[in-house]
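Work through the exercises below with the structure open. Each one has a task and then a solution in steps.

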Amino acid sequence: MTNLKPLCTAGAVLSICTMLILHAAPAQTLGTTPGTLHYPVAIDPKGIKTMFAVSFSKMPMDVVEESASIRWPLFTLEAHYGLPENFILNGRINTQIITNHLLLGGKWVYAPYERLHFSVGYDLAYWFGQLKQYGFNNTAHGWINYPNLTVGYDFGKVALSVKGELNIVTSHTLYADDIEVSTDQNFFNGGSFTVYLEQPLWKNTTVSLAYRSNFLKFYYPEWLLFPTINQFYFIPELEVGFRL
Amino acid sequence: MVFSPIIQWLLPTNTTYNNMKRTIALLAAIGISLASVYAQPSDSSPASATSDTLYSLTAYVSGGYVHNVSEFTISPAGLDRGGMGFAVRIMWKPEHLLRMGLETGRTHVYSVKQEGLQTAYGKTDVNMTLNATPILLVFSMSPFDNLDVYVGGGSAFLSSDAESFGSTSATSSLSGGAMAAVSYMRPLSDAWSIGGEAKWLYFDKYDDMVVSLQVMVSFRFLEY
Amino acid sequence: MKKLIVAQSLLLALFFSSCTNPADVPIPVFPQGGFLSQTYPLSAQSKAKLEGVYLLESGADKFGDRVVMKWAGDYLSVFTGKSVGYFVLKGGLLDSVVFLEGYWRYQNSTETGLAQMIVPRDEGGRYVVGDTARTGTLRIRGNVGSGNGVPDQPVVFRYERPITPSLLTKKFQIIAHRAGGRTSDHIPASENSVELIKITERFGSTGIEIDVRLTKDKVPVLYHDGGLNLRLTQKGPMVGPVEEYTLAELKSFVWLINGERIPTLEEALDAVVTQTNLKFVWMDTKTEQSGVITAYVPIAQKALQKAASMGRDLEICAGIPTQEVLDEFLAYPNYQSVPSLCELTPDNVRAVNARVWGPRWTQGTQNDQVRAFQAEGRRAFTWTLDDPRFIEQYIREGVFDGILTNYPMAVAYQYYIQ
């Protein structure tokens, strides 16, 4: 049985450190937000923001068994395109070479205060995976829906955003040796909370540090591993991103 | 229906562990609130850039006492949670608030020493040790003057030695690692500083956590 | 101050969300042993009368349309066709009423609860406990609950027919993976433990697959993973590969995840012979050292001799999963007479004179090849099949002689419902 206490302690430590860190961001005139990606701020129509990120997840031992619980990194390329009326079109490619996840969605930004902003959005993703080496002959694909809500606060030199999203799988199929071993449709797969800290690192390059708590029955980057268990797993993720 | 499991998932559970979690969170929030009343926001930190375009590389060397705070399901007789550890860190300090760097070192995780332990297989002396060599990517910021907060993640090599029943073994494995630390440094000169650090390290392979109090010396060896 | 409150609120939201408690599935128990403590044991004749296929008159939304009931020693297992659901009940009688108490569970999730039932006197109770012929309908009425809560959801089983006799005489093997399932299945005892071997028949198993490794002093033990880890063992002082430690060290300093000790192969096989009615043991070779075959074959032979002396019907086969193990097996003196199960090609199966061929289930039903082996007097077991849809398909359309599975209750349902 996975011992979650150390992970919970890690979450607590990260939270406390972040609170301390935010003291380094004295109240100043807004300066961060043009460089941010995740902080909910409107983009000028036809404007584009892009980011490259790398994330690492820790899988439960029940799922990975003998394999390493800290998995291969997931690489992300994300772009946001400004639309009128505070709408944003967002797209994302996540890849782990044998697994790829293509996402398209939109969100609407609501800024009731100068520094406190919200956005509500909906993303739809198609993912597919294939491994036909090392004795494997497995493929998989599926569709996932991500309704989401983000709240962010601009401290001046640091922007803090928290994003909550649900994970609803509309289709999910796994093949092994050309046999369709599993197919499911329309099930609630859980959700995630992500905290983003965005700030400039050098010159005008903004870096995003994120901690994500996933609570999922099925985690697509590790589609090869998932057993036939109908329960939620806690899968923490750390992500570092750089604005392009 | 999709919404029924959503609602069940969102409802809080009522367990002793969740109550403990919430208590810790509230205490942390109260502590930070009190700290903020008396804190002065920082515009700069020790050994930081002397102009907006100045970059620097600073080396930190630290060493001190390490204590294992993991929960052992089976707490063996002779378990020694205390030991020594040291670390070396190189931090790059650009013109903004965030710093980035690399850290490595070696830390004692735990050891077990027991003489004449009686078991179903006879009497034996027991000597076991687990050490860790982390390799971490580290970020830091400075919330107050001379105070730095670090968080980092990466890997760690775990090495163990065990001797009992006349048999010795040595094993090593790769683990994930994470750290968080708070350091306070007093400048001795433009380049040198001395201070101390409280650090928390986590190695995920066997769920080990250690906390450490270390003396730290830093040297800014490059500016450009 | 305002920004801090905002920050703290956001971060506390993260912290509260950052953890869930691990899903543990302890077996629910009735306080003070339930009502059964006041009843008399059922005779073998009474137990036999309860076995069969039942329709669900109430509770079909939870357990499907039909269930199969079959005894494993003193435990009545009820296998359902929904969510890999099953019951484990004990029985007793009082005044011509049969009482059944225990628990139910969905094996592929964490849902479980208490179960309490009776066979009323006038709905089969007299028939079950007495010598009279059955008149009227045999019904089992009761309630199921959630967790340790009082059972309050009605279920009614109505006897439909006996289990098809040919299914009971045919030697189809329902082989439990790792002696009964995986740690992630929240099984009540640890993988590859003697404690799990003793209870696996309650899940419908007729055989087990166990994972054998060598200690540093060449003693075969049961352990699946390459190293001592937190998936299989409680956090203790020893880490690293099992092969790095002697038996004395493993027995003294390592506890499996549910508190048991790592068993030797000898202990495990002795438990199979003396404390179960299991018919088949598949010894899967899981070691990077050489010498495993040489170490465990004599132990298996000794267990078989003991089984024969007790009149036990038992087979113990050496598993050959890889080319390396095959090469070592071929070097063993008189290997042709050592019972083996070969997972490799048909040519390899014949080369080692394996009793059983073990192809992976994703290679299909392969009926032609299976029949060819059966014509040679060999058998075929497929592995590791867990999806209930494919279990049904392979039982109905395939001709395998056995299935290795983490869900023996699902295989038992699909097999005995025929």
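**Exercise 1. Locate Val120(A) and classify its exposure.**

Solution. The model is a predicted one.
Step 1: Val120(A) sits in strand S5 of chain A, residues 116-131.
Step 2: take its relative accessibility, which is 43%. Buried needs under 20% and exposed needs over 50%. Val120(A) therefore counts as partly exposed.
Step 3: list its contacts, skipping neighbours within four places in sequence. They are Gly106(A), Lys107(A), Trp108(A), Asn148(A) and Leu149(A).
Step 4: compare sequence and space for Val120(A) and Pro40(A). The two are 80 residues apart in sequence, yet their C-alpha atoms are 9.1 Å apart.

**Exercise 2. Trace the barrel of chain C and find the bridge partner of Arg141(C).**

Solution.
Step 1: follow the strand order. Eight strands of chain C close into a barrel as S1-S2-S3-S4-S5-S6-S7-S8. Their pairing is antiparallel.
Step 2: add the twist, which averages 30 degrees from one strand to the next.
Step 3: go to S7(C), residues 139-144, and S8(C), residues 153-161. Six bridges join these antiparallel strands.
Step 4: read off the partner. Arg141(C) is bridged to Val156(C) in S8(C).
Step 5: look for a helix on the strands. H14(C), residues 408-416, lies across S1(C), S2(C), S3(C) and S4(C). Its angle to S2(C) is about 110 degrees.

**Exercise 3. Describe how H8(C) packs on H9(C).**

Solution.
Step 1: get the geometry. The axes of H8(C), residues 265-275, and H9(C), residues 292-309, come within 10 Å and cross at roughly 20 degrees. So H8(C) is roughly parallel to H9(C), as angles under 35 degrees count that way.
Step 2: give the hand. H8(C) passes H9(C) in a right-handed crossing.
Step 3: name the residues. H8(C) brings Leu265(C), Glu266(C), Leu269(C), Asp270(C), Val273(C) and Thr274(C). These meet residues of H9(C), among them Tyr296(C), Ile299(C) and Lys302(C).
Step 4: sort the contact of H8(C) with H9(C) by class. It has eight nonpolar, one polar and four charged residues.

**Exercise 4. Do the analysis for H9(C) and H10(C).**

Solution.
Step 1: H10(C) spans residues 323-330. The axes of H9(C) and H10(C) come within 9 Å and cross at roughly 65 degrees.
Step 2: the crossing of H9(C) and H10(C) is right-handed.
Step 3: Val292(C), Ile293(C) and Thr294(C) of H9(C) touch Val325(C), Glu328(C) and Phe329(C) of H10(C).
Step 4: the residues of this contact divide into four nonpolar, one polar and one charged.

Terms used. Residues numbered from 1 in each chain as written. Chains lettered and ligands numbered in written order. Predicted model: local features only at pLDDT ≥ 70, side-chain atom pairs only at ≥ 80, totals over all residues. Heavy atoms only, no water. Pairing = 2+ DSSP bridges. Helix = DSSP H or I, 4+ residues; strand = E, 2+ residues; numbered from the N terminus. Axes fitted to C-alpha atoms, helices over the stretch in contact; angles between N-to-C directions. Contact = heavy atoms within 4.5 Å. Parallel < 35°, antiparallel > 145°, perpendicular 65-115°, else oblique. Left-handed = near helix turned anticlockwise from the far one by under 90°. Nonpolar A, V, L, I, M, F, W, Y, C, P; charged D, E, K, R; others polar. Buried < 20%, exposed > 50% of the residue type's maximum accessible area, 1.4 Å probe, protein only.
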